[in-house]
Amino acid sequence: MSSLQFPVSSLCFEVIAKDGETRAGVLTTRRGVIETPVFMPVGTAGTVKGIRFEELESPDLDAQIILGNTYHLWLRPGIETIKACGGLHKFIGWDRAILTDSGGFQVWSLGELRKITEEGTEFRSHIDGALCFLSPEISMEVQAAFGAEIAMAFDECAPGEATYDEARRSMELTLRWAKRSRVAFDRYRTARGSERVIAGRDSGEPQARMLALPESQALFGIVQGASHLDLRRESLKRIVEIGFDGYAIGGLSVGEDKPVMFEVIEDLAPRMPADKPRYLMGVGTPQDLIEAVARGIDMFDCVLPTRNGRNGQAFTSRGKLNIKNARYAQDQQPLDEACGCSVCRRHSRAFLRHLFLSGEMLAGILLTHHNVAFFLDTMRTVRQAIRSGKFTKFRREYTEQLSSGWE
Ligand SMILES: [Zn+2]
């Protein structure tokens, strides 16, 4: 097996246009090409809530990659079921790319219900209260079994208002867990790659090694350090020394003020490796996305379009619209006149309001569809603007329009 050269990168990332710190790129995975900056709809339990996979694939949405939550899928249905069903893609019926998070943020969010030690995090399941334990090694085992194109290192998040000492302790733990994640992940990656090569040889497949390589997954490292810029810089430097296929900024949008969040992004993003994708985790509104893109971020995920859709709130080109509002009772306009999604082409605000107030499940489905379409379409426009050198103009006009509101 001396001809093997593992670990190999399973992602190819190329920046194709730059405008200041802003970049447009192409991220090639074994399951297709993803244009960046990209928004990834969140599929917590293996489903983007309220949206059928056909819709996600349709030209209306055309999501190139979705996110799956390791914590939720590990607790239910569990690793054995997903393994038995051929991995996460097969289990949920989605052929395009997936990114799985590590579960670190979810167990951290449990607050009182969890206990963090050097070894990992002990917590009570939110489903049945059972005592569970998640560590870097277990997270890597679970993510390897799921088989997403991109897996995330297991990290610990410090609260937005963490003191310097708290943030340093958390950052150091995240670094030790990042090393353990890297080691454990490479074990699974090498094992899987070797299996494929052997299988290919046995079948006389001439491209055996080429076939083997795309089977490997990519692993992203996560930068922590709360709102302390020197800790953030040190975290980044040491995470890059370990070496990952991409780098994420974690621990933002967890209680700190917006200007603090953008200060961290502005300081950190330009220092992140230019030839690797940069992922801002769990952020945010369309305006947040554009501001982070302006500072050099390539990838995003957030539950806002789906969660707010279910709660009756639409994101539009003129800001948020609350469909419960009485002023829409007889409003014949679509949610957003500037949106070309199938919901806006067919239905009025009056009908959507009626559905919502009647407790019809279609209300959440239609509002979610529009919101996800709006986020994905915004990113499509962002990419076009960067490529044609018009991002600055786009950013200004978009921001002005967003704040104009609905009269
Ligand atoms: Zn729409």
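**Helix 9 and helix 10**

I began with the pair formed by helix 9 (residues 229–242) and helix 10 (residues 258–268), which in this predicted model pack at an angle of about 40° with their axes 10 Å apart. Since angles under 35 degrees count as roughly parallel, I entered helix 9 and helix 10 as oblique to each other. I then looked up the hand of the crossing of helix 9 and helix 10, and it is right-handed. For the contact itself I listed Leu 229, Arg 232 and Leu 236 from helix 9, together with Val 264, Asp 267 and Leu 268 from helix 10. Sorted by class, the contact of helix 9 with helix 10 has 4 nonpolar and 2 charged residues, with no polar ones.

**Helix 11 and helix 15**

I turned next to helix 11 and helix 15 (residues 361–387), whose axes come within 11 Å and cross at roughly 25°. That angle makes helix 11 roughly parallel to helix 15. The crossing of helix 11 and helix 15 is also entered as right-handed. On the helix 11 side I found Pro 286, Leu 289, Ile 290 and Val 293 in the contact, and on the helix 15 side Phe 375, Thr 378 and Val 382. When I divided the residues of this contact by class, I obtained 6 nonpolar, 1 polar and no charged.

**Domain 1 and domain 2**

I looked up the domain assignment, which gives domain 1 as 12–301 and domain 2 as 310–402. I noted that the C-alpha centres of domain 1 and domain 2 lie 28 Å apart, and that the contact takes 24 residues from domain 1 and 25 residues from domain 2. Which elements supply at least two residues each of the side of domain 1 that touches domain 2? I found strand 1 (12–19), strand 2 (22–29), strand 4 (38–43) and helix 11 (286–294). Helix 11 gives the most to this side of domain 1, with 6 residues. By class, I recorded 14 nonpolar, 3 polar and 7 charged residues for the side of domain 1 that touches domain 2.

**The sheet of strands 1, 2 and 3**

I then followed strand 1 and strand 2 into their sheet, an open one in which 3 strands are ordered 1-2-3 with antiparallel pairing. Strand 1 and strand 3 (32–36) stand at the edges with a single partner strand each, so I marked one side of each as left without a neighbour in the sheet. The twist averages 15° from one strand to the next. For the pairing of strand 2 with strand 3 I entered 5 bridges in the antiparallel sense, and I noted that Val 26 stands opposite Glu 35 in strand 3.

**The sheet of strands 7, 8 and 9**

My last entry concerns another open sheet, in which 3 strands follow the order 7-8-9 and the pairing is antiparallel. Here strand 7 (114–116) and strand 9 (131–134) are at the edges, and each has a single partner strand, so one side of each is left without a neighbour in the sheet. With direction ignored, neighbouring strands of this sheet are turned by 15° against each other on average. I also looked up the pairing of strand 7 with strand 8 (residues 121–124), which run antiparallel and are joined by 3 bridges. As a single pair from these strands, I wrote down Ile 116, whose bridge partner in strand 8 is Thr 121.

How values were computed: Residues numbered from 1 in each chain as written. Predicted model: local features only at pLDDT ≥ 70, side-chain atom pairs only at ≥ 80, totals over all residues. Domains from an automatic or database assignment. Contact = placed C-beta atoms within 7 Å. Helix = DSSP H or I, 4+ residues; strand = E, 2+ residues; numbered from the N terminus. Nonpolar A, V, L, I, M, F, W, Y, C, P; charged D, E, K, R; others polar. Pairing = 2+ DSSP bridges. Axes fitted to C-alpha atoms, helices over the stretch in contact; angles between N-to-C directions. Parallel < 35°, antiparallel > 145°, perpendicular 65-115°, else oblique. Left-handed = near helix turned anticlockwise from the far one by under 90°.
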